[in-house]
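Reader: I should like to understand the terms applied to this structure. Please set each value against its definition.

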Number of protein chains: 2
Amino acid sequence: MKSHVTMRDIADRLGVSSVTISKALNDKEGVSSELKEKIKLVAAEMGYRFNTHAKSMKEGLSYNLGIVIPERFAGTVHSFYLQFYQLLSKVMDGYHYSGILHMLSEEDEERLVLPRIYTERKVDGFIILGQISKSYVEHLQTIDCPIVFLDFYTDQNEIDSVLTDNFFGVYEMTNYLIRNGHQKIAFVGNVHATSSIQDRFLGYYKSLLEHKIELNQDYVIKDRDEAGRYIDIVLPDEMPTAFVCNNDEIAYNLMTVLQNNGYKVPEDCSVAGFDNSIFATLTNPPLTTVEVDTEEMSRVAVKFILEKLNNPDKKYGRTFIKGDIIHRESVQPYKGHKKGS
Amino acid sequence: MKSHVTMRDIADRLGVSSVTISKALNDKEGVSSELKEKIKLVAAEMGYRFNTHAKSMKEGLSYNLGIVIPERFAGTVHSFYLQFYQLLSKVMDGYHYSGILHMLSEEDEERLVLPRIYTERKVDGFIILGQISKSYVEHLQTIDCPIVFLDFYTDQNEIDSVLTDNFFGVYEMTNYLIRNGHQKIAFVGNVHATSSIQDRFLGYYKSLLEHKIELNQDYVIKDRDEAGRYIDIVLPDEMPTAFVCNNDEIAYNLMTVLQNNGYKVPEDCSVAGFDNSIFATLTNPPLTTVEVDTEEMSRVAVKFILEKLNNPDKKYGRTFIKGDIIHRESVQPYKGHKKGS
DNA sequence: CTGAAAGCGCTTACAG
DNA sequence: CTGAAAGCGCTTACAG
């Protein structure tokens, strides 16, 4: 029965005006501290619940952010983004914001249909998770609502995105392998499938360049076709001593292939992953990998959106968040190195 | 620049009243169809966006539902619930509802702090995912807001919950094993850890009872302690010919143990899982398991909440949603059976 | 078929 | 320190 208690009800009970209640409950000036305390007490006692919608209407803010995930992503990627959503949700809570998930269907993406939460003003801004079509991105540019892309970028300018430092992560990982005596290092991934893989490959390549190790095309091993469908991994004729995989799942698959071919990890060759996803601990031995700092990425994305809300012209461009190498057992110093040196 | 277009703006442009705009845009009676069409056209042209908050204030409905996930659940379970959230989100969309995720922190659960989305009237009801403390459930009973529990129940009455049919699922699975000639069937799981495991165990037991197979306590194998922490699985002295695991992850772990002990699946013994989670396809061979019908569960949960919104006194009690057996390679007919009969 | 009036529950100036 | 007035953008009766 304590539903629909309004500020006016509290005001009537205490014989003051609803303005005073508003001020007291919002800790604003203009109410004696005694009255303030009393009002808060009575409000709690009456089971008062603040009506966000009234405030929203006044201010034109919903205190909600839309989290958009394109639906066409399959299982694994999905749960990665869902975990992001969870982190975002926690971060938003700290700002008194809530997150509304919108799964963008392939059809809506194709037809450039905007989320209902936009057309019904349910959110103040959007965080887009993952890759969406160029034309949809362009369409999003036209709406009057701040947007931050998370874990995705295109060559389109004027876009603010928060990204894993793919390049630097793999660069560091490759450096680490080289420091451990490895010279014959393969990269597993199709550089034409996604820009993430491309950047990871380039980080690998930079490390080779810096160490004057020539890039061997036989050591760039495809794991999927350009549409992203996984294909069987084929080992090169001359075996590398280490593999840098574009993600943990691929590392998992690679290790199965290696085992089937009689190679032992890490004795015969080392394997490094990326993401520190569930696959990193399902392999035997567990993977040395690069941990994506999803928490920091979430924090930054929410911060950007909220700042853009106050200052719509603010531009951030691409922000790269560095991940750390997680050391497990799938990487070992190259034996020849140990003995030889 | 097309922000803040209101119904009044459209009305002024067309020289009619905002009431007429409201009626036209909501497809209500009382506007000629020509005017209606024209209004819709002009609204689109002006970039009009409906303001949900105004409607919410009028009606006292937010058109949002809160999805609560207790934070203390670990990785796997988490992503299971996050997938649920995703499905719920899709279902809600069909009703013009949106979902707001609230991660319930351990601290808030302990101190009985209600989600901010409740105290700020941001949602019309709650769907609670997974297990929460008894006292929190009791606390939730006192609020004036419909609640449906998903994948959780207690002995507390007056609670509406939508559940996997754990009992029936494992019952059917065990029947299936028995039909395939297995007699020495073990159950893997600690019946004192969660009520789900308990129900799954009882389904197993019922099948044994029906087939006059005596329950062998050596064949009830612990996989975790009562607090839910996984422990090493110890095989019984006399090996069963089949194992019914309380979930796929445990089946995965069990298969590792079996392999380490030189047993081959399914040649030496069959293994059945539950959930059809990611683990079901990570095992080698892949798992025969029970698929939880998360889509149907989501559909039912949302339907219940929305009906309770119109009729707060409606009670549903426990609703069990049946899952199907997914046949893969980890289960094989018992050899002795084939030969012997 | 169309519209003037009132109200949903707050907050923001402004006046006292 | 306190409050009367106006307004946020809709919708709901009700009158014409």
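Author: Let us begin with B:K28, which has a polar side-chain atom 3.1 Å from a phosphate oxygen of DNA strand D. This is a predicted model, in which local features need pLDDT of at least 70 and side-chain atom pairs count only at pLDDT 80 or more, while totals for chains, interfaces and linings use all residues. Residues are numbered from 1 along each chain as its sequence is written, chains are lettered from A and ligands numbered from 1 in the order in which they are written, and side-chain values use heavy atoms, with hydrogens and water left out.

Reader: What makes the approach of B:K28 to a phosphate oxygen of DNA strand D a polar contact?

Author: A polar contact is a pair of N or O atoms within 3.5 Å; within protein, one must be able to donate a hydrogen and the other to accept it, and residues adjacent in sequence count only if both atoms are side-chain atoms. The B:K28 pair, at 3.1 Å, therefore qualifies. The side chain of B:Y48 also has an N or O atom 2.6 Å from a phosphate oxygen of this strand, and for A:T20 the value is 2.7 Å.

Reader: Which residues are closest to DNA strand D, and how many surround it?

Author: The strand is surrounded by 23 residues, the closest being A:T20, A:K23, A:G30, B:S22 and B:Y48. Each counts as near because one of its heavy atoms lies within 4 Å of the strand. Of the strand atoms within 4 Å of the protein, 61% belong to sugar or phosphate and the rest to bases.

Reader: Why is the contact of B:E71 and A:K90 called a salt bridge?

Author: The term requires a side-chain nitrogen of Lys or Arg within 4 Å of a carboxyl oxygen of Asp or Glu. The side chains of B:E71 and A:K90 meet at 3.0 Å, N to O, so the pair satisfies the rule. Between chain B and chain A the count is six salt bridges.

Reader: How do you know that the two copies are related as by a two-fold rotation axis?

Author: Chain B is superposed on chain A by a rotation of 180 degrees with 0.0 Å of shift along its axis, at an RMSD of 0.1 Å (least squares on the C-alpha atoms of residues with pLDDT of at least 70 in both). The copies are thus related as by a two-fold rotation axis. The same surface serves both, as 100% of the contact residues of chain B recur in chain A (contact means heavy atoms within 4.5 Å). Each chain is represented in that contact, with 46 residues from chain B and 46 residues from chain A.
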